[in-house]
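Let us take a friendly walk through a protein model, looking at its strands, its packed interior and its empty spaces. Have the structure open and turn it as you read.

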Amino acid sequence: MGQDASAVTVERGRYPDTVTPWEEPAWRGAALQWAGRGLAAHGLTTRRRLTVRLRPWSVLVQMTADREPDVWFKANPAASAFEAGLTEALAGWVPGHVLHPLAVDAARGWSLLPHGGTLFRDALRHESAGGGRAWEEPLRQYASMQRALAARAGELVRLGVPDARLAALPLVFDRLVEENATLGHATRTALRAQRPRLTDWCDELAASGIPDSLDHNDLHDGQFFAPGPGRFTFFDWGDAAVSHPFCSLLVPLSTAAEQYGRQVLPRLRDAYLDPWTDTGLTPVELRRAASLAGRLGAVGRACSWGRLFPGAGDGPTATGDAESARWLRELFAQKPDHL
């Protein structure tokens, strides 16, 4: 797929100094040729205008053409290269819940993704005053997908999805505390002292019997589509981990609280828990598990920032350590029980 430089728009957002493979002519040429072959395999051969979004965690190329839906080429760095293979596997395992990629090169962390419909964030702009009720059904469907994937936790880890299962989570916490360059001595010591609380939470959550599954780990309103009435399609798995499924509640509930106020959180939590009511746990036990996992989800967020912005220093790497440290401190902050 040849491309005239005048037809390329590059956008770097808050990271103008980020260096990505897009700057390398050989890599860029290989990527666009691969995407062109993927398009051709689906009968899409039109010369395309490119909009390129460069971030520390991905190269995303939007390809547009008249009378054809947009498609996206995505390249992940090594820390999230598993996303391409995961996206392909999910399309086979839970096809009604995820995008079906047009092409995948798992070894290189490349994927070619179709148009997914209306972004949920955009759909919310047209929502009548519903007090956050639009979030209820996507949370139910997401939880149903997690239940379907619970039996594949081992396969997910073998695909390279980071292992943050309850048995591994205390060790993940230890590594994050020791390796974060922005933590002062007093904060590091205080976090180490809190470790017994973390292990107690993990043990209690494991005893509930809800198995580990896929945790999107960044499920805000820009991470899924609403392609039709009552239908939702989840995507963007670069932050994902294999963890307790309820850890996924942290981000969407935080997002909804910012949009509608904290009074909506119990209702949205219960909507998410609907698909788990036949597990033998009482509503009180499910809510307690959600509260524990909502806390432990902070470890996943800290891990994600540390992976995608590795190291310390100026620029994006310092941002990663600072954000990771913030989430580690958030882990032990006081929260209302419904979180």
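Strand β4, residues 68-75, is a good place to begin in this predicted model. Six of the eight residues in β4 are buried, so the strand is mostly covered. Its neighbour is strand β6, residues 110-113: the two run antiparallel and are joined by four bridges. Pick out F73 in β4, and you will find that its bridge partner in β6 is L112.

**The packed interior**

Here is a general idea to keep in mind. In soluble globular proteins, nonpolar side chains tend to be buried together.

How many residues does the largest nonpolar core have? The count is 73, and those with the most contacts inside this core are L86, L214, W237, F246, Y272, L296 and L331. Helix α11 gives the most to this core, with twelve residues. To see what such packing looks like from one residue, click on L86. Leaving aside residues up to four places away in sequence, L86 touches L156, L159, V161, L214, W237 and A240. There is also a second, separate core of 20 residues, including A31, L32, V52 and V71.

Helix α9 has buried residues too: L250, V251, P252, L253, T255, A256 and A257. Just after α9 comes G261, with a positive phi of about 100 degrees.

**Two residues with a positive phi**

Two residues that are not glycine also have a positive phi. N217 has a value of about 75 degrees, and this residue sits in the loop between β7 (213-215) and β8 (224-228). Is N217 buried or exposed? N217 has a relative accessible area of 5%, and because that is under the 20% cut-off, N217 counts as buried.

The other is D236, whose phi is near 65 degrees. D236 belongs to the loop between β9 (231-234) and β10 (241-243). Remember D236, as this residue will come up again.

**Open and closed spaces**

The largest pocket has a volume of about 1,300 Å³. Among the 47 residues that line this pocket, R53, D218, H220, Q223 and D236 are the closest to its centre. Several elements each give two or more residues to the lining, including β2 (49-55), β3 (58-65), β4 and α9 (250-260). Helices α3, α11 and α12 are on that list as well.

The model also has three cavities of 30 Å³ or more. This table sets the two largest cavities beside the largest pocket.

| Space | Volume | Lining residues by class |
|---|---|---|
| Largest pocket | about 1,300 Å³ | 16 nonpolar, 16 polar, 15 charged |
| Largest cavity | about 60 Å³ | seven nonpolar, one polar, two charged |
| Second largest cavity | about 40 Å³ | six nonpolar, three polar, one charged |

Which helix gives the most to the lining of the largest cavity? It is α2, residues 82-93, with three residues. The lining of this cavity includes E83, T87 and L90, along with F234, F235, D236 and W237. D236 therefore appears in two places, since the definition of lining applies to pockets and cavities alike: D236 lines the largest cavity and is among the residues closest to the centre of the largest pocket.

For the second largest cavity, α11 gives the most, with four residues. Both β10 and α11 supply at least two residues of its lining. L296 is one of the lining residues here, and L296 is also among the residues with the most contacts inside the largest nonpolar core.

Terms used
Residues are numbered from 1 along each chain as its sequence is written. This is a predicted model: local features need pLDDT of at least 70, side-chain atom pairs count only at pLDDT 80 or more; totals for chains, interfaces and linings use all residues. Side-chain values use heavy atoms; hydrogens and water are left out. Buried means under 20% relative accessible area, exposed over 50%, partly exposed in between (1.4 Å probe, protein chains only). Two strands pair if DSSP finds at least two bridges between them. On a 1 Å grid over the protein atoms alone, a cavity is a set of points where a 1.4 Å probe fits but cannot get out, and a pocket is an open set with protein on both sides within 12 Å along at least five of seven lines; lining residues have an atom within 4 Å of a point. Grid points are joined across faces, edges and corners, and a volume is the space filled by probe spheres set on the points. Ala, Val, Leu, Ile, Met, Phe, Trp, Tyr, Cys and Pro count as nonpolar, Asp, Glu, Lys and Arg as charged, and the others, Gly among them, as polar. A nonpolar core is a set of buried Ala, Val, Leu, Ile, Met, Phe, Trp, Tyr and Cys residues joined through side-chain atoms within 4.5 Å. Contact means heavy atoms within 4.5 Å.
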